[in-house]
Amino acid sequence: MHINTQNHQCIPFVIGRVNPQKGYVHVFDDTSLEVVMKTLDTISDFIRYLTKKEELIQSGKLIGAAGEDDLLGHYLKYIDENGEHTFLPKSKKQFDGIAIDEGIWDSFSKHPSRLAQIKANEISYSWDMLIEKFIFHITTGTSYHLSHPNIKSQEEIFRLLAKENRTRRRLLATAINELITKTPDNKKATKTVFPSRPGEPFYLFMLLTKLKNIPYEKYRQVRHALLGSHLQILKLEYPEALDIIGVATETGTSEERSEDFIYLDTSKWTVENNKETEKLKKEFISQGLLGKKTMFRSSIKEYPDNKPSKIMVGMKGSERNMPCPCGSGKKFKKCCGREK
């Protein structure tokens with residue numbers, strides 16, 4: 001088809017969708033693969049980028065792009081009305097087509113907002129470590145307690161943990177880190193993290209002091225049972241919660257710790273479950289096991305705000321027409337010096 005174009009409607013060297021029934025095959029060279037995978041380093045962020053790129057191509061509005069990295073830089077620069085990255089923001093949807101110039105990625109990767117994002121995301125990798133630790137113990141058979149001791153039955157909780165994007169992982173890691181650092185060693189504490197968007201799971205983090213005068217194995221049993229009860233009570237208090245994940249560990253900041261994970265699927269929650277949990281809640285209250293609750297409703301910006309540096313603050317008058325010190329290539333007044 002590419003050689004004999006007179007007999008076939010084919011544009012040479014353009015592949016498109018080989019089989020419309022099976023979607024796209026995305027091809028990366030070694031350079032673009034490294035850029036994309038290091039920048040979009042969660043499965044949710046990566047798949048969303050591929051999906052949005054397919055939508056752009058299918059719209060017929062992509063005239064061309066200097067490279068995959070510049071395409072990525074353009075995508076990460078804009079946000080749509082749903083708060084997601086987009087190639088065609090509302091201000092550009094009236095255009096018949098867009099061409100992605102060379103240099104966009106270089107400008108984006110050096111911008112202070114991007115550098116601040118990288119710094120802010122550092123804490124989020126503790127969530128990645130938690131996932132790796134969880135899956136390691138499942139695959140090696142070293143998990144302390146499993147209600148269903150095989151990887152297939154534990155796959156759902158692993159999928160939910162791994163589904164969180166990078167910004168959401170930053171929020172979750174911050175929540176559990178603050179709980180650990182601010183809770184005294186001799187206190188029990190819980191924190192509930194609500195979904196950022198509909199359909200996301202509820203999380204309950206619990207800290208329990210190591211119980212004295214009992215074996216550690218017994219302590220783990222008590223902690224696991226206590227965590228499961230707290231998840232049921234959370235469902236009772238928030239009926240809209242369908243997926244609830246509990247993570248428990250001991251108090252203190254020591255790196256030598258264990259974790260318990262429990263996933264509660266309440267899609268088939270019954271009136272009888274409600275009645276049993278109401279009794280459980282009353283029992284917990286009578287025993288002083290339901291103290292003051294800590295809720296974690298927080299919104300974080302993907303790109304944290306940055307205070308202009310001294311050199312930026314000092315730019316005024318005609319100096320505002322000079323190139324921005326951040327290296328974006330734009331004038332200072334149209335980049336970091338924009339009035340807010």
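In this predicted model, the face of helix α6 that is turned away from its buried side carries the exposed residues M129, E132 and T139. The buried positions of α6 are W127, D128, L130, I131, F134 and I138. Viewed down the axis of α6, these buried residues fall within an arc of 160°, so they line one face of the helix. Such a pattern can be read against the general geometry of helices: an α-helix has 3.6 residues a turn, so residues three or four places apart point the same way. The length of α6 was also examined; the helix comprises 16 residues, 125–140, and because 1.5 Å is expected for each residue, a span of 22 Å is predicted, which agrees with the 22 Å that separates its end C-alpha atoms.

One of the buried residues of α6 also takes part in a charged contact, since the side chains of D128 and R166 meet in a salt bridge with an N to O distance of 3.0 Å. This pair links distant parts of the chain, with D128 placed in helix α6 and R166 in helix α8 (residues 166–182), 38 residues apart. Both partners, D128 and R166, are buried.

Across the whole structure, a search finds 20 salt bridges. Among them is the contact between the side chains of R197 and E84, at 3.5 Å from N to O. R197 lies in the loop between β3 (189–193) and β4 (202–208), whereas E84 lies in the loop between α3 (68–77) and β2 (98–100), so the pair ties together parts that are 113 residues apart in sequence. R197 counts as partly exposed because its relative accessibility is 36%, and E84 is likewise partly exposed, with a relative accessible area of 21%. These two residues also belong to a wider arrangement, in which R48, K52, D80, E84 and R197 are linked in a network of salt bridges.

A further salt bridge is found within a single helix, where K110 pairs with D106 and the closest N and O atoms are 3.4 Å apart. Both K110 and D106 lie in helix α4 (residues 104–110), and they are separated by four residues, about one turn of the helix. With a relative accessible area of 43%, K110 is partly exposed, and D106, at 39% relative accessibility, also counts as partly exposed. In general terms, side chains of opposite charge can pair when their charged atoms come close.

Notes
Residues numbered from 1 in each chain as written. Predicted model: local features only at pLDDT ≥ 70, side-chain atom pairs only at ≥ 80, totals over all residues. Heavy atoms only, no water. Helix = DSSP H or I, 4+ residues; strand = E, 2+ residues; numbered from the N terminus. Expected span 1.5 Å × (residues − 1). Buried < 20%, exposed > 50% of the residue type's maximum accessible area, 1.4 Å probe, protein only. Arc of directions from axis to C-beta. Salt bridge = Lys/Arg side-chain N within 4 Å of Asp/Glu carboxyl O.
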